[in-house]
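Welcome, and take a moment to turn the structure around before reading on. We will walk through its parts one at a time, beginning with the overall layout.

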Amino acid sequence: MKRYKILFKGRVQGVGFRYTSKVIADKLNLTGTIENLSNGDVECFIQGPDEKINEFVNSLQNQKNLNISSFDKTELEVESNESTYKIIG
């Protein structure tokens, strides 16, 4: 089990990015949160098996309506009480 903060950059707001991420996270049984930032980036906290998190990121990168120019991934401490994936804001 891993937890990451992922900061997505590119055309990631106003294109259904957060909703798409929720559909993918729910399908993969991942938990966390996703939120638009005021600078146009999207901040995601994602938790689950490492291979499922990689599948989550790859699935987002392969979406035709999204254009992720880059992302930064930072490993964090697992939050044992988290049980869902939520869109914030």
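Helices, of at least four residues, and strands, of at least two, are DSSP runs numbered from the N terminus. Keep in mind as you look that this is a predicted model. In the UniProt record, an unreviewed entry, residues 3–89 carry the feature "domain: Acylphosphatase-like". That span is 26% helix and 41% strand, and the C-alpha atoms at its ends lie 21 Å apart.

Let us start with the sheet. Strands of a sheet pair through backbone hydrogen bonds, either parallel or antiparallel. Here five strands make up an open sheet with mixed pairing, and their order is E4-E1-E3-E2-E5. At the edges stand E4 and strand E5 (85–88), each with a single partner strand, so one side of each has no neighbour in the sheet. From one strand to the next, the twist averages 15°.

Now follow the strands across, beginning with E4. Strand E4 (residues 67–76) runs antiparallel to E1, and nine bridges join the two. You can find one place where they face each other by looking for Gly 10, which stands opposite Ile 68 in E4. On to the next pair: strand E1 (residues 2–11) is joined by seven bridges to strand E3 (residues 42–48), again in the antiparallel sense. Here Tyr 4 has Ile 46 of E3 as its bridge partner.

Next comes the step from E3 to E2. Strand E2 (residues 31–36) pairs with E3 over six bridges, and the two are antiparallel. Two places to look for are Thr 33, which stands opposite Phe 45 in E3, and Glu 35, which stands opposite Glu 43 in E3. E2 and E3 form a hairpin, with five residues between them, and Gly 40 in the turn has a positive phi of about 100°. The last step brings a parallel pair: E2 and E5 are joined by four bridges. In this pair, Ile 34 has Ile 87 of E5 as its bridge partner.

With the sheet in view, turn to the helices. Two packed helices are described by the angle between their axes and the distance between the axes. For helix H1 (residues 17–27) and helix H2 (residues 50–61), the axes come within 10 Å and cross at roughly 140°. Because angles over 145 degrees would count as roughly antiparallel, this crossing makes H1 oblique to H2. The crossing of H1 past H2 is right-handed.

Which residues of H1 and H2 meet? From H1 come Phe 17, Thr 20, Ser 21, Ile 24 and Ala 25, while H2 brings Phe 56, Ser 59 and Leu 60. Sorted by class, this contact of H1 with H2 has five nonpolar residues, three polar ones and no charged ones.

Finally, where does the UniProt record place the feature "active site"? The unreviewed entry puts this feature at Arg 18 and Asn 36. Although they are spread over 19 residues of sequence, they cluster in space, with a largest C-alpha distance of 8.0 Å. Arg 18 lies in helix H1. Setting aside neighbours within four places in sequence, Arg 18 is in contact with Ile 34, Glu 35, Asn 36, Ile 87, Ile 88 and Gly 89. Among these contacts you will recognise Ile 34 and Ile 87, the bridge partners that we found where E2 runs beside E5.

Note on methods
Residues are numbered from 1 along each chain as its sequence is written. This is a predicted model: local features need pLDDT of at least 70, side-chain atom pairs count only at pLDDT 80 or more; totals for chains, interfaces and linings use all residues. Side-chain values use heavy atoms; hydrogens and water are left out. UniProt positions are given in the numbering used here, feature names are shortened, and annotations may be inferred rather than shown by experiment. Two strands pair if DSSP finds at least two bridges between them. Axes are lines fitted to C-alpha atoms, for helices over the stretch in contact, and angles run from 0 to 180 degrees between N-to-C directions. Angles under 35 degrees count as roughly parallel, over 145 as roughly antiparallel, 65 to 115 as roughly perpendicular and the rest as oblique. A crossing is left-handed if the near helix is turned anticlockwise from the far one by less than a right angle, and right-handed if clockwise. Contact means heavy atoms within 4.5 Å. Ala, Val, Leu, Ile, Met, Phe, Trp, Tyr, Cys and Pro count as nonpolar, Asp, Glu, Lys and Arg as charged, and the others, Gly among them, as polar.
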